[in-house]
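Visitor: I would like a close look at a single part of this structure, taken slowly and with its surroundings filled in. Could you walk me through one strand and then outward from there?

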Amino acid sequence: MVELQALPTLKILLHTAKYPHAEVCGLLLGPVNDVPIIDDAVPLFHHITVGPLMETAFLMVEQYANSEGKRLAGFYHAAAQANGPETHPFMVTLVGKELASHRPDAILLRVKNEALSSRAAVPFEVLPLPGVEGAPKVEPVTVSPRGIQAFDQVSGNGKFAACRSLVDMDEHFDDARRDFRNRHIGDYL
Amino acid sequence: MEELDQVLERGDSVAILRYLRHNRIRASAEVVQHGQGFVAKGKGSSLGIEAWPVYEQVFLAALDLGETLLAERALGLLRKQFPDSARVGRLVGMQAEAEGNYAVAAEVYKSLREAHPTDPVVWKRWVSLAKAQGDLPEAIKRCNEYLKVFQNDTSAWQELAELYLLTGHLGKAAFCYEELVLSGPSIFSHHVALAEIYAAMGGAESLRLARKHYAQSMALHQGDDNLRSLYGICSTCHALARCTHKSAHEDKSDAAVNGALFKLAVDKLKSHYRRVNPSMLPLVEVTLLQQAIGDASLKK
């Protein structure tokens, strides 16, 4: 059972909402002692990214995790299309390989676009990393309701400032002043 | 070009919509917020001829947000004014796509293509339709057909490159960017994109091509927004050093170039962060250390 806490829940939802037309992805962080808790997330890209920038982003987030006493726990991904096919896009396979070389027990958290508009279902699911031998099986995930409530509060009714304030690695590479650590998001909780 | 935030802060709806339109920014929530009033007023609005691009802009944003009534109203105003237009016709197709009626959209685009066989906008919707339906190979096929006719369409080459990347065809994506570099050799961002693809392909030959194009992009553009090249150089030089280290034909002069370029990029990165975001400098330095080429002087 994987526990997705409020802060990463909020960051993932804000990232997905900021780029609703694009494929978005990011890394998940958890405590060093390997318990199945996700307690932070770093949004990475909203364009398909291959090669050096993906590698650099990984290294940077890994260093950031080390400096916070955390570990790289997984990868989140939201497909571009709301009702797209279930197959793993190329990016997920690429990242899966990269992540598996750093952390073989990492999880893939898929954002379920189809469940985002209603609140009836949990809009996330944990999948095994694609193409990785011995990857962990599909596990159930509990999502913090506080994270979802905070998202609804700061971005409902046409309010968009919170989404716009979230910074991903893509934006950081465009403008180094924008900080992908997103320390300010904690204020919304 | 002002920062988007500053423009939004001023609250001038017409200026905001104009800024978003001219810079092709897809900020649909803002567009609906600032544009829906004009659509509601319709002919009574104060926009003059700017009304038509604004209605189109609000229509597209409304589709993004699922605001079907607003979209319908905006579209109605446009259809009344421009009954035979291909540009408006394609909006009808997009409305069908947004509702998931791909068969209807296909019919709309088919008759538009018959009525306007040389209109690129209609043709591009035809490509996008395949993409929307999740049929990437078909989208690639259509995009290639389009490019046979409209060979100089930069954004189409970029779209095709992206489609190839999405389907894992790095070599073909590289070909698209080679075309772009050929037709626009002074555009630094094309060199960066091409370099990224070659770097992702891996292997000494591709890595050297990547390094060449990153270096060219740096020669063309030294500005603050070419961080991708600097990071790309670090990663590519590191990968090259690793893969030629064990090769039988280790080229000493190339290794020297490699090391020099790496050091240049590292120094530029450090001074950039020192200037614009010093709080992140330690993190960047530690990251770059991971990619250091076995030169003791770099590990400071």
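Guide: What follows begins with one strand of chain A and then moves outward to other parts of that chain and to chain B. The model is a predicted one, and the values below are computed from it.

The strand chosen for the close look is E5 of chain A, which spans residues 70-78. Of its 9 residues, 9 are buried, so E5(A) is largely enclosed by the rest of the structure. Its pairing can be described through two strands, E2 and E6 of chain A. Strand E2, made of residues 24-31, runs antiparallel to E5(A) and is joined to it by 8 bridges; within this pairing A:Leu27 stands opposite A:Phe75. Strand E6, made of residues 107-111, runs parallel to E5(A), with 4 bridges joining the two, and here A:His77 has A:Arg110 as its bridge partner.

A glycine of this strand shows how these surroundings come together. A:Gly74 has its place in E5(A) and, because its relative accessibility is 0%, it counts as buried. When neighbours within four places in sequence are left aside, A:Gly74 is in contact with A:Gly26, A:Leu27 and A:Leu28, and also with A:Leu99, A:Ala106 and A:Ile107. For A:Ala106, which lies 32 residues away along the chain, the C-alpha atom is separated from that of A:Gly74 by 4.5 Å.

From the strand one can step to A:Asp40, whose place is in strand E4, residues 40-45 of chain A. With a relative accessibility of 5%, A:Asp40 also counts as buried, because the cut-off is under 20%. Apart from residues up to four places away in sequence, A:Asp40 touches A:Leu7, A:Pro8, A:Lys11, A:Leu27, A:Leu28, A:Leu29, A:Tyr64 and A:Lys70. Two of these names have already appeared, since A:Leu27 and A:Leu28 are also among the contacts of A:Gly74. One of the residues touched by A:Asp40 takes part in a polar contact, in which the side chain of A:Asp40 meets the side chain of A:Lys11 at 2.8 Å. A:Ala161, by contrast, is 121 residues from A:Asp40 along the chain, and the C-alpha atoms of the two are separated by 21 Å.

Chain A also has an open sheet of 3 strands, in the order E3-E1-E8, with parallel pairing. Strands E3 (37-38) and E8 (141-143) stand at its edges with a single partner strand each, so one side of each is left without a neighbour in the sheet. Strand E1, residues 2-4, runs parallel to E3(A) and is joined to it by 2 bridges, and A:Leu4 stands opposite A:Ile38 of E3(A).

The backbone offers a further detail in each chain. A:Asn182 is not a glycine, yet its phi is positive, near 50°; this residue lies in the segment after helix H7 (169-174) of chain A and counts as buried at 2% relative accessibility. In chain B, B:Arg24 likewise has a positive phi, of about 50°, without being a glycine. B:Arg24 is found in the loop between helix H2 (13-22) and helix H3 (28-41) of chain B, and with a relative accessible area of 79% B:Arg24 is exposed.

The last step outward is to the interface of the two chains. Here 28 residues of chain A are in contact with 38 residues of chain B, and the chains bury about 3,000 Å² between them, 61% of it on carbon and sulfur atoms. There are 7 residue pairs in polar contact between chain A and chain B, counting pairs with both residues at pLDDT 80 or more. Across the interface there are 3 salt bridges, one of which joins the side chains of B:Arg228 and A:Asp174 at 3.0 Å, N to O. On the side of chain A that touches chain B, the elements giving two or more residues are helix H2 (52-67) and H7 of chain A, and H2(A) gives the most, with 8 residues. By class, that side of chain A has 12 nonpolar, 7 polar and 9 charged residues.

Definitions and conventions
Residues numbered from 1 in each chain as written. Chains lettered and ligands numbered in written order. Predicted model: local features only at pLDDT ≥ 70, side-chain atom pairs only at ≥ 80, totals over all residues. Heavy atoms only, no water. Buried < 20%, exposed > 50% of the residue type's maximum accessible area, 1.4 Å probe, protein only. Contact = heavy atoms within 4.5 Å. Buried area = accessible area lost by both parts, 1.4 Å probe. Salt bridge = Lys/Arg side-chain N within 4 Å of Asp/Glu carboxyl O. Polar contact = N/O pair within 3.5 Å; in protein donor to acceptor, adjacent residues only side chain to side chain. Nonpolar A, V, L, I, M, F, W, Y, C, P; charged D, E, K, R; others polar. Pairing = 2+ DSSP bridges.
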